[in-house]
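Please load the model in a viewer and keep the selection panel at hand. The tour below proceeds from the whole chain to individual residues.

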Amino acid sequence: MKHVPVALWAVAVLGVLASVGAQFAESSLSARAKSTQIVKVTAADKLLGGPGYEVVGPPEDMVVDVPQATLDQRGPGGEVLLDREKLTKLKVYPLRMKSLLAFTGAVKWAGAIVAASFGVAGFLIAKKLKKSPSP
């Protein structure tokens, strides 16, 4: 029974490590994020004097480390343009910052809750074990 508080505190430490790790991942990936626009390249549009692409969805902050899928030109708002066909062919999926922030936020909250609840439980059980007489 003496080892129960230690096990609970170990789980509490793991909760703290999960929260810290999520914060580290969020900050390091946020630094690499760029305003990005996924587009479908169309040769016919370029022949008719257009930009040569059709926009697919709104521009978003994303982390993409595939220069092969990046077009040479920039979007009207200065966004990095990604060719949807090349992304599909290379089987690369950009990491959207909204998804990353939602996931890391959930991990940070879960880690904090685990750390607090298991830490308090370990403290209370250790306190109770000190009060009870040893057989």
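What percentage of the 135 residues in the protein chain do buried residues make up? In this predicted model, buried residues account for 28% of the chain.

**The whole chain**

Begin with a cartoon representation of the entire chain. Four helices and six strands are present, and from the N terminus on their order is α-β-α-β-β-β-β-α-β-α. The radius of gyration is 25 Å, well over the 14 Å that the globule rule gives for 135 residues, so the chain is more spread out than a compact globule. Orient the view along the principal axes: the C-alpha trace spans about 90 × 25 × 20 Å.

Next, display the surface. The protein chain exposes about 9200 Å², and carbon and sulfur atoms supply 67% of that area. A contact map may be drawn alongside: among contacts between residues at least 6 apart in sequence, 67% join residues at least 24 apart.

**Helix α1**

Select residues 3–32, which form helix α1. Its 30 residues reach 44 Å from the first C-alpha to the last, close to the 44 Å expected at 1.5 Å a residue. Now show side chains for P5, L8, A12, G15, S19, A22, E26 and L29, the buried residues of α1. Extend the selection to 60–63, 95–96 and 97–131: these are β3, β6 and α4, against which the buried residues of α1 pack.

**Three salt bridges**

The structure holds three salt bridges, and each may be inspected in turn.

Select K108 and E26 first. Their closest N and O atoms are 3.0 Å apart in a salt bridge. K108 lies in helix α4 and E26 in helix α1, so this pair ties together parts that are 82 residues apart in sequence. Which burial class does each partner belong to? E26 is buried, with a relative accessible area of 15%, whereas K108 counts as partly exposed at 22%.

Move on to R32 and D65, a salt bridge whose closest N and O atoms are 2.2 Å apart. The pair links distant parts of the chain, with R32 in helix α1 and D65 in the loop between β3 and β4 (70–74), 33 residues apart. At 41% relative accessibility R32 counts as partly exposed, while D65, at 54%, counts as exposed.

Finally, select E60 and R96, which form a salt bridge with closest N and O atoms 3.1 Å apart. Because E60 lies in strand β3 and R96 in strand β6, the pair ties together parts that are 36 residues apart in sequence. E60 is buried, with a relative accessible area of 18%; R96 is partly exposed, with 31%.

**A buried charge: D83**

The last stop is strand β5, residues 80–83, where D83 is found. Which side chain of opposite charge is nearest to D83, and how far away is it? Select K86: its side chain is 4.6 Å away, and D83 is buried yet has no salt bridge. The cut-off for a salt bridge is 4 Å between a side-chain nitrogen of Lys or Arg and a carboxyl oxygen of Asp or Glu, which means that a separation of 4.6 Å does not qualify. To complete the view, display V39, V41, A69 and L71, the residues that D83 touches when those up to four places away in sequence are not counted.

Methods
Residues numbered from 1 in each chain as written. Predicted model: local features only at pLDDT ≥ 70, side-chain atom pairs only at ≥ 80, totals over all residues. Heavy atoms only, no water. Helix = DSSP H or I, 4+ residues; strand = E, 2+ residues; numbered from the N terminus. Expected span 1.5 Å × (residues − 1). Buried < 20%, exposed > 50% of the residue type's maximum accessible area, 1.4 Å probe, protein only. Contact = heavy atoms within 4.5 Å. Lys, Arg positive; Asp, Glu negative; His and termini not counted. Rg over C-alpha atoms; globule rule 2.2 N^0.38 Å. Areas by Shrake-Rupley, 256 points an atom, 1.4 Å probe, with all protein chains shown as cover.
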